[in-house]
Structures are given as C-alpha cells and as structure tokens.
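Morning, everyone. I'll put the structure up and then walk through it piece by piece.

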Amino acid sequence: MAENTPVEQIVERAIAQALENQLPQLREKLVQHVLEEVRPYLGGGAGSGAGDLLKAMSAIHGGSTQKEILRALLEGTSGYSGRAALFVVKSGSANGWQGRAFDTEGIKDFSLDVSSSAPAKVLRDRTVVAAGVSEMDPKFISQFGAPVENQVLLLPLHLKDKVAAVVYADRGTDAGGKLDASALELLVAAASAWLEVASLRKQAAKEATSEAASNERIETPAAAAPAAPSFSDPFAGHAPKHAQPAAQEVEEPVAAAAAVAEAAATPVATAPPAMAAAAAAAPAPDAFAQMSVADADTHRKAQRFARLLMDEVKLYNQAKVAEGRKKKDLYDRLKEDIDKSRNTYNKRYGSTAAATADYFNQELIRSLAEDDVTLLGPNFHR
C-alpha cells in the first residue's frame, strides 16, 4: 500500500486539529475523573477543601508546556504544605528545579542524596513515603533547616511508568504549618496525568509534521537520512544550575527520557567500565536497514502508532493497569480498550508492509505488561 498519500495527509491534519479542539473538554474530564476517584478521601467532597483542590487541579490542567504544568503543581502545594520542592530524577540523580517557601537559588543548585533512606525508598518502591527527618538527606536538612514535628513527605511523579521527579513537602520551620498528604498525592497524580496528555499531544503534532516533511523528500537510498529512534521522548534533559551556562533557562525541566530510563530501571553494575563505554559509543543497529525506504518508513510509523495507542490505554486506566499487573489479569480488565485499540491499529496498518511484524502485540506486552506476558492473564492470545 502506498504511503504518504494526499488523503493520509488530510487525515493527519484533521486528527491534529481535532486533538487541539478537544483539549479544553479533556482537561475538565480529567479533573472530574480524578476527583471521583479520590472523593472518599476528601471528607465528603462537598466542602471548600474540594473546591480548592479543584481550582489547583484546573490550574495544573491549564498548563500547555511541561514547565507551566510543574509550576502550577508547586503553586498548588502551597495550600497543603509549609514548604515544597521538586527534584528532577535522571541517571540516578535527583536535582533541584524549583521550590516554594525555600531559598529558590539554593534548591536549584541542590542535588539530593538518593542513597539516603527516604529518597532511596521513594525511587525504589515508586510510592509516597512519609518519613522522619533522620531518614532524609542530612545535607538537605542542614542547609534548609529541619521542619517542625520532624516529618517529611516524598511523592513520586510518574511519567511513562518511571519516576521522573520527586516532590518534597513538609510543614515548614514555623509552628502551625500544614501537611495534607491526601491533597498532595492528588495534585501530583493530576500533574502526572496531564504531563502524559501533553506528551501524547506533542508526539501527535510531531507525527503530523513528520508526515508532511516526508512527502517533500526524494525517496532514494542515497538521500535517505539515518534512521531515527523508534520512539522520540518529548521531554528534554535537565542538569543542575552549576552544570549549565548561567544565562541558560531549561525550558523543559523533567527528564523522563525513555532512552536513559530503560537503562536506569535495572542495575548494570556487572558490566566493566570499558565494555560500558564501548557499548555507549556503538551506534544502535537499524532493524530496517535491509528494507526499502518506503517499507522501513511504514514499519517505523507502525511502531510509533502502537506505542501511542498503548500510552492512551494506560493514561485512562491507571488504576486498572496497576491492579491488573498485581492480579495478573490485565487483558480481562482492559479487554474493551485493548480490542478497540487493536482494531484501530489493524485498520491503519493491517494491510501494509508492517502487517506481519505485529507491533501492536509487541507493544502491548512490552509497555502494558512490562515484558511479562503472564501479567495479561490466561485469556490473552496473540
């Protein structure tokens, strides 16, 4: 089947425009959905507390860039904690980005010791950690002061199934400070969900731009560019202030880079330094090198589309995904969404050169089941 037809271009533009038009409704839907999930924890959900949370969540969902979303998150924490700060997680480090009620410059230039008990636990277990001051990075406490009541809260901000950032919160150093764990968990969950939406939106726009640009290229082997990675992470890297030029401002602070996150997810201490350096220097093999330019392009598009479909399934079914992995019945819990996505994929790529590769099931197992097909349950059949 021919690729990059005028009809396909029109469809791509229409999809991009439809996504843009639906964003306001999507924001409201996400807010209401999350509120329904946590309403039992809001003490009845009808008081001013719920209204304040709704406003804070609406501010988060009003952000269109990563930086706007994270700033809104930190602003929202001010109503439910004495102090708060966000640390970006990348390559085994947690570097300060911004804080509220902290010395701003101090936070930006601070690297949290992730080997300390509480930071290590939040990164290992990927869950909220309530801890005492003795479990925090002692350098952090020494520089910024111990909070009243000696209690701290660390909340993981998830992105693409990885901990992309950690939000620190405490009651502050003055008596009477607040620390509402339930409200803070809700705000971080709302930010995580909207960052996923922003990621999908950016990826969809990139797909549409790539489609248009590919039509202008002369498709000959000599003119073909080197193969790009099959999935391009929309989040830029972050480095602490002392590692950057003074005048530079990082536009996209959270580093949820898929390329480094996969490597960071498991220990790699068994590889000697020389071997690791050689592996890093070696270019990744191109799985489609032996194909024609047109067929290789189709395979790459099919891979990306399968990943987008799985990202969407996970985004709107986070509770079901977590429970399904635990109970090993993911397919039964998500059958309707999985089958709809599969039909969408097959309509688009079932009659193309990529049909025999079965990228949809590959991505289903890789992303949804975390490379463990048993998590899908006995009723799943490839």
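Start at Val-89. Its opposite number in β2 is Ala-94. One caution before going on: this is a predicted model. β1 and β2 run antiparallel and share 7 bridges. The two strands form a hairpin, with 2 residues between them. Look at Ser-91 there: its phi is positive, near 50°.

Stay with β2. Is this strand enclosed or not? Largely enclosed by the rest of the structure, because 7 of its 8 residues are buried. On to the pairing with β3. β2 and β3 are joined by 2 bridges, again antiparallel. Asn-95 faces Ser-111 of β3 across that pairing.

Now the whole sheet. What is the strand order? Read it as β3-β2-β1-β6-β5-β4. That is an open sheet of 6 strands, paired antiparallel. Which strands sit at the edges? β3, residues 111–112, and β4, residues 129–132. Each of these pairs on one side only.

Take the β4 edge. Its neighbour is β5, residues 151–159. The two run antiparallel, with 4 bridges between them. Val-129 has Leu-154 of β5 as its bridge partner.

Next, the helices on this sheet. α3, residues 66–77, packs on the sheet. It touches β1 (83–90), β2 (93–100), β5 and β6 (162–170). Its direction makes about 60° with that of β2.

How long is α3? It has 12 residues and reaches 17 Å from first C-alpha to last. That is close to the 16 Å expected at 1.5 Å a residue. The helix is mostly covered, with 9 of the 12 residues buried. Among the buried ones are Ile-69, Leu-70, Leu-73 and Leu-74. The buried set also includes Gln-66, Lys-67 and Thr-77.

The other helix to look at is α5, residues 117–125. α5 lies across β1, β3, β4, β5 and β6. Against β5, it runs at about 30°.

Now the aromatics. How many aromatic pairs does a search of the whole structure find? It finds 12. I'll show two.

First pair on screen: Phe-87 with Phe-140. The ring centres are 6.1 Å apart and the planes make 70°, an edge-to-face pair. Phe-87 is in strand β1, while Phe-140 is in helix α6, residues 138–144. They are 53 residues apart, so to speak of distant parts of the chain is fair. Both Phe-87 and Phe-140 are buried.

Second pair: Phe-110 with Phe-144. Why edge-to-face? Because the planes stand at 70°, and the cut-off for that class is over 60. The centres here are 5.6 Å apart. This pair also links distant parts of the chain, at 34 residues apart. Phe-110 is in the loop between α4 (104–108) and β3, and Phe-144 is in helix α6.

Are these two rings buried or exposed? Phe-110 has 3% relative accessibility, so it counts as buried. Phe-144 is at 12%, and it counts as buried too. The cut-off is under 20%.

Put the rings together. Ring pairs join Phe-87, Phe-102, Phe-110, Phe-140, Phe-144 and Tyr-168 into a cluster.

A word on backbone geometry. Ala-101 is not a glycine, yet its phi is positive, near 70°. Where is it? In the loop between β2 and α4. With a relative accessible area of 59%, Ala-101 is exposed.

Asp-358 also has a positive phi, near 55°. Its place is the loop between α12 (330–349) and α13 (359–368). Relative accessibility there is 31%, so Asp-358 counts as partly exposed.

Last, the overall numbers. The protein has 382 residues, and 44% of them count as buried. Its secondary structure comes to 13 helices and 6 strands. The accessible surface is about 19,500 Å². Carbon and sulfur atoms hold 55% of that surface. On contacts, take those with a separation of 6 or more. Residues 24 or more positions apart account for 66% of them.

That's the tour. Over to you.

Methods. Residues numbered from 1 in each chain as written. Predicted model: local features only at pLDDT ≥ 70, side-chain atom pairs only at ≥ 80, totals over all residues. Heavy atoms only, no water. Pairing = 2+ DSSP bridges. Contact = heavy atoms within 4.5 Å. Axes fitted to C-alpha atoms, helices over the stretch in contact; angles between N-to-C directions. Buried < 20%, exposed > 50% of the residue type's maximum accessible area, 1.4 Å probe, protein only. Areas by Shrake-Rupley, 256 points an atom, 1.4 Å probe, with all protein chains shown as cover. Expected span 1.5 Å × (residues − 1). Phe/Tyr/Trp six-rings, centres within 6.5 Å; stacked < 30°, edge-to-face > 60°.
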